[in-house]
Amino acid sequence: MTTDYWCEWAWLGGMVPMEGVVVRVDGDRIRSMETGVLAPPSRARRLPGFTIPGMANAHSHAFHRALRGRTHFGRGTFWTWRQSMYEAAAALTPELYCDLATAVYAEMALAGITTVGEFHYLHDGANEMGDALVEAARRAGVRLTLLDTCYLHGGIGADRSGVQARFGDASVDAWLNRASMRPDEPNLRVGAAIHSVRAVSPLEATRVANWAADRGAPLHAHVSEQRAENEACLEAFGRTPTQVLADAGAVTKRFTAVHATHLTDGDIGLLGDAEAHACFCPTTERDLADGIGPARALDAGGVRLCVGSDSHAVIDLFEEARAIELDERLATGQRGGHDPSMLLRAATRHGTASLGWPDAGALDPGQRADLVTVSLDSVRMAGIPPEDLVPGVVFAATAADVSGVIVDGRPVVVKGKHQTVPDVAGALRASISALGDFDLLPIPSEQ
Ligand SMILES: [Zn+2]
């Protein structure tokens, strides 16, 4: 079945939006496009506003959404926040996780996210938690890359303890067996993740990298988010985390370095030579005082930047994308390192590519029909001249300005309303309160 959508304005790449674009959708694909159609054809469904491709959230831990508002204050560090996060994880069962993740992915859909990369490490000895995430994505109408995460140690040379012990795999062989049990589906891609060089030894990382290579699957890893990780890695292996992962065969075109905050020039060279991705999560990195990654150097070196909302302190990929540029301005005292169309590509095409969907993330014939429409009627977007819509949407739009979302040709959000999760706020409230009063560790406010 074909459906024509008339976009008042659309982003087809570059800095100049196109006026009057008819996108013909056949099933789940864009069949053809026509530009310069200034009056909507009678048969077409109208998409008033500015339509961009579906956005990709390349780094998500869905359960972190339960911590929103509870961990952002005081003087705690990444490491104290991490303890609180494990307390939340301890309260989860597959049923509770399905409800929570459905609500979180629905919040993402409302924000214009059509592809989610879930960095999933809550295994509970089996695949039930992963099954819950797959079902949640289906209910919320988003495409999922389940990055099955190998998480074997509590630190370099240390055992997992407490909640970590419940959620990791017993060995790399156990991870390989479990991860291999899940096949790809039309809207599900199974990828791999190495939690970090803290949690997976170099030899184990090689096994995971080989598994991903055999399947042609995306491979992600947390890389150099914290200086302490770099120091421990240098002390243990005499190499940086990026070098350890490169030596393990992990750093290829299918690789995404998540955070990539504290890199050496050599690290940037390794990632660039491989044409790897780097996933920045600026709102989380700010919240956890991680630092500001070298986005400009990575981009110049050939690394493809993408973005993720990670801990879901907020879910707004416009904010993540503009932060790549704006945070770097603060760090360097210079403006203009990234043009707005590149930042929009980070939130769309680069993200889908990092998650193993090269046929999504652009408005082009043959691509999956993911269309996200930003309303131009809000107080944020009103008055922006049409020729400036690309910088306008990158630097001023918020998730709340998304009025319509189509995923694989199916309308998932219409006039700001999710079509299968009618009350997303209510679903979030209910699923978070169902976790009970999980103990948040006291975060020191004075020290
Ligand atoms: Zn993460």
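How many Å should the 17 residues of helix 2 span, and how far apart are its end C-alpha atoms? Keep in mind that what you're looking at is a predicted model. Helix 2 runs over residues 94-110, and at 1.5 Å a residue it should span 24 Å. Its end C-alpha atoms sit 24 Å apart, so the expected span and the model agree.

Stay with that helix for a moment and look at its surroundings. Helix 2 is mostly covered, with 12 of its 17 residues buried. Among them are Tyr97, Cys98, Leu100 and Glu107, and there's an unbroken buried stretch from Ala101 through Thr102, Ala103, Val104, Tyr105, Ala106 and on to Met108 and Ala109. As background, an α-helix has 3.6 residues a turn, so residues three or four places apart point the same way. After helix 2 comes Gly112, which has a positive phi, near 90°.

Next, the metal. Three histidines hold the zinc ion, each through NE2: His59, His61 and His222, at 2.0 to 2.2 Å. Written along the sequence, the donor spacing reads H-x1-H-x160-H. His59 belongs to strand 5 (residues 55-60) and His222 to strand 9 (residues 219-223), so this pair ties together parts that are 163 residues apart in sequence. Are His59 and His222 buried or exposed? His59 is buried, at 0% relative accessible area, and His222 counts as buried too, at 7%.

Now move along the chain to strands 10, 11 and 12. Strand 10 (residues 255-259) pairs with strand 11 in the parallel sense, over three bridges. If you want a spot to zoom in on, Thr256 has His277 of strand 11 as its bridge partner. To get from strand 10 to strand 11 the chain passes through helix 9 (residues 265-273), and this β-α-β crossover is right-handed. Strand 11 also runs parallel to strand 12 (residues 304-307), and four bridges join the two. Here Phe280 has Val307 of strand 12 as its bridge partner.

What about the faces of strand 11? In a regular strand the side chains alternate between the two faces of the sheet. In strand 11 (residues 277-280), His277 and Cys279 lie on one side, Ala278 and Phe280 on the other, and all four are buried, leaving both faces covered.

Two backbone oddities turn up in this part of the chain. His259, in strand 10, has a positive phi of about 80° although it isn't a glycine. The residue is buried, with a relative accessible area of 1%. Glu275 is likewise not a glycine and has a positive phi, near 55°. You'll find Glu275 in the loop between helix 9 and strand 11, where its 40% relative accessibility makes it partly exposed.

Finally, take a look at the largest pocket, with a volume of about 380 Å³. It is lined by 20 residues, and the closest to its centre are Arg46, Leu47, Pro48, Gly404 and Lys415. Which strand gives the most to this lining? That's strand 4, with five residues. The elements that give two or more residues are strand 1 (2-10), strand 4 (45-53), strand 13 (371-374), strand 14 (402-407) and strand 15 (410-414).

Methods
Residues numbered from 1 in each chain as written. Predicted model: local features only at pLDDT ≥ 70, side-chain atom pairs only at ≥ 80, totals over all residues. Heavy atoms only, no water. Buried < 20%, exposed > 50% of the residue type's maximum accessible area, 1.4 Å probe, protein only. Pairing = 2+ DSSP bridges. Right-handed = clockwise from strand over helix to strand, strands pointing away. Donors = N, O, S within 2.8 Å, 3.2 Å for Na, K, Ca; no water. Expected span 1.5 Å × (residues − 1). 1 Å grid on protein atoms, 1.4 Å probe; cavity = no way out; pocket = protein on both sides within 12 Å on 5 of 7 lines; lining within 4 Å. Points joined across faces, edges and corners; volume = space filled by probe spheres on them.
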